[in-house]
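Visitor: I would like to go through this model and ask what the labels rest on.

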Amino acid sequence: MDLRYTPAEQAFRAEIRGWLEQHVPADPLPDFDSTREGFEAHRVWERALHAGGWGMVTWPEAYGGRGLDLIRWLIFEEEYYRAGAPLRVNQNGIFLLGPTLIEYGTDEQKARFLPAMAAGDTIWAQAWSEPNAGSDLAGVCATAVRDGDDYMLSGHKIWSSRAVHADWAFGLFRAPGSERHKGLSLILFPLDAQGVAISPIRRLDGKPVFAELHLDDVRVPAANRLGGEGEGWAVCMSTAGFERGLMLRSPARFQVAAAKLVELYKARAGGLDPTIGAKVMQAWMDADAYALSIYATASRLIAGGGIGPETSTNKIFWSELDLDLHRTALSILGEEAELTDTGGWLDGYVFALAGPIYAGANEIQRNIIAERMLGLPR
C-alpha cells in the first residue's frame with residue numbers, strides 16, 4: 001500500500017483548506033437539535049457548502065457533487081474537522097441515504113432527491129427503529145399496504161434522528177403478513193404528510209434529538225420505494241454498511257479528538273497517574289489505526305470491491321474508541337470536568353455513551369462477526 005498522497009490529492013487538500021479558512025463561521029452555530037433556529041442555521045451552512053461545491057464531493061456532478069473518489073472525501077473530512085466546521089445536520093441524508101440512492105435508486109429518484117439533499121433544501125430523518133425492533137431490524141411491524149400506484153403506511157417508529165425538524169424520512173415497512181427479512185421495503189415519505197404525527201423525545205440534557213412517529217394511513221407514491229418491492233432488507237443492509245463502516249463516523253472525527261487529548265495531557269501531565277499517559281498514547285494509536293483501516297476500505301471500494309459484514313468490526317472499534325478517548329480526558333480533568341466542562345469533554349462523553357447502542361448495538365455486531373465472518377454456529 002502506498003500511503004503517500006498524489007500531487008492532485010495534495011492540491012485538493014489545499015483547495016478545501018483555503019475555502020474553509022474563508023467560510024467557516026467565526027462563532028459556533030446554535031445547536032441544531034435544540035431549536036428550529038439552530039436547525040435552520042445549519043441548513044444555511046449546508047447551502048453554503050453546496051454553493052462552494054462541497055456538499056458531497058463523491059457524488060456525480062449532475063446530482064450536486066464533484067465526482068471525486070473516496071480518498072478525496074477522506075481528505076475533505078480531515079480538513080473539515082481540522083477547521084472546526086459545523087456538524088452536518090443532514091448527515092442521515094448525505095452519509096446514509098444518499099449513497100444508498102446512488103446504488104439502488106432509479107434515474108428519476110436520483111434526479112429528484114439527490115440535488116435537493118446536497119443543497120440542504122431537503123433534510124432527512126432516519127425512521128427504522130420501532131418499540132420492539134431496534135438493533136433487531138428484521139422485527140419491524142410498520143406496514144406498507146399497496147393501493148394502486150400508492151402505498152398506505154401505518155405504524156409506530158421511535159428514536160428517529162433529526163425527525164423533529166427534518167423535511168423527509170426514510171423508513172422500513174413490511175407487507176402485511178410477511179415475516180422477518182421477507183416482505184420489507186424501504187420507502188421515502190415527507191414528514192408533513194397527512195397522517196404523520198411527530199412527538200419529540202428529549203435526552204437527559206433536554207434536547208429533542210429524536211422523535212417518535214405515528215403513521216396512520218399515510219399515502220405515498222409507490223415511486224418513493226427504493227429498490228424492488230420486498231427487497232428492503234438488502235437495501236437497508238447497504239445503508240447500514242455506510243453507517244457502521246465508512247461514512248457516519250469518519251476517521252477525522254477521532255483523529256482531531258485524539259490530538260486534542262494529547263495537548264490536554266501535555267498541559268496537565270504533572271502529578272497525573274502514570275497509567276494515564278499510556279491511555280493517551282493508546283487512544284492516539286487507535287485513532288490512527290482506524291484511519292488507516294478506513295483508507296484501506298476506501299481503496300478497496302475504488303478498486304471495485306464491496307462493503308460486507310466486516311463493517312461490524314469498524315462499528316465496535318470506533319464506538320469504543322470514542323468512549324476511551326473521553327474517559328481518558330475526564331481522568332485528566334477530574335472534578336473540573338463536571339464543574340466547567342473544559343473543552344466540551346463531558347458533553348462529548350455523554351454522547352459517546354450512546355455509541356455502542358446506535359447504528360446497531362455492539363452486542364448484535366459481535367453476533368454478526370461470529371456468524372458471518374468467523375462461521376461460528378448461531
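Guide: This is a predicted model. Begin with strand 1 (residues 124–127), where both faces are covered.

Visitor: Which residues of strand 1 are buried on one side and on the other?

Guide: Trp124 and Gln126 are buried on one side of strand 1, and Ala125 and Ala127 are buried on the other.

Visitor: What makes strand 1 and strand 4 a pair?

Guide: Pairing takes at least two bridges. Four bridges join strand 1 to strand 4 (residues 168–174), so the two count as paired. They run parallel, and Ala125 has Ala169 of strand 4 as its bridge partner.

Visitor: How many disulfides does a search of the whole structure find?

Guide: Zero.

Visitor: Why is there no bond from Cys141 to the closest cysteine sulfur?

Guide: A disulfide needs two cysteine sulfur atoms within 2.5 Å. The closest cysteine sulfur to that of Cys141 is in Cys236, 15 Å away, so the two are too far apart for a bond. Cys236 is likewise in no disulfide.

Visitor: Are these cysteines buried or exposed, Cys141 and Cys236?

Guide: Exposed means over 50% relative accessible area, and buried means under 20%. Cys141 has 53%, so Cys141 is exposed. Cys236 has 0%, so Cys236 is buried.

Visitor: Why does Trp284 count as partly exposed?

Guide: Partly exposed lies between the buried limit of 20% and the exposed limit of 50%. Trp284 has 42% relative accessibility and therefore counts as partly exposed. Trp284 is found in helix 8 (residues 274–302).

Visitor: Which residues make the nonpolar surface patch with Trp284?

Guide: Met281 and Met285 make the patch together with Trp284, and its area is about 320 Å².

Definitions and conventions
Residues are numbered from 1 along each chain as its sequence is written. This is a predicted model: local features need pLDDT of at least 70, side-chain atom pairs count only at pLDDT 80 or more; totals for chains, interfaces and linings use all residues. Side-chain values use heavy atoms; hydrogens and water are left out. Patches are made of residues with over 30% relative accessible area and no salt bridge: like charges are joined within 9 Å, nonpolar side chains (Val, Leu, Ile, Met, Phe, Trp, Tyr) within 5 Å. Accessible areas come from the Shrake-Rupley method with a 1.4 Å probe; for residues, only the protein chains shown count as cover. A salt bridge is a side-chain nitrogen of Lys or Arg within 4 Å of a carboxyl oxygen of Asp or Glu. Buried means under 20% relative accessible area, exposed over 50%, partly exposed in between (1.4 Å probe, protein chains only).
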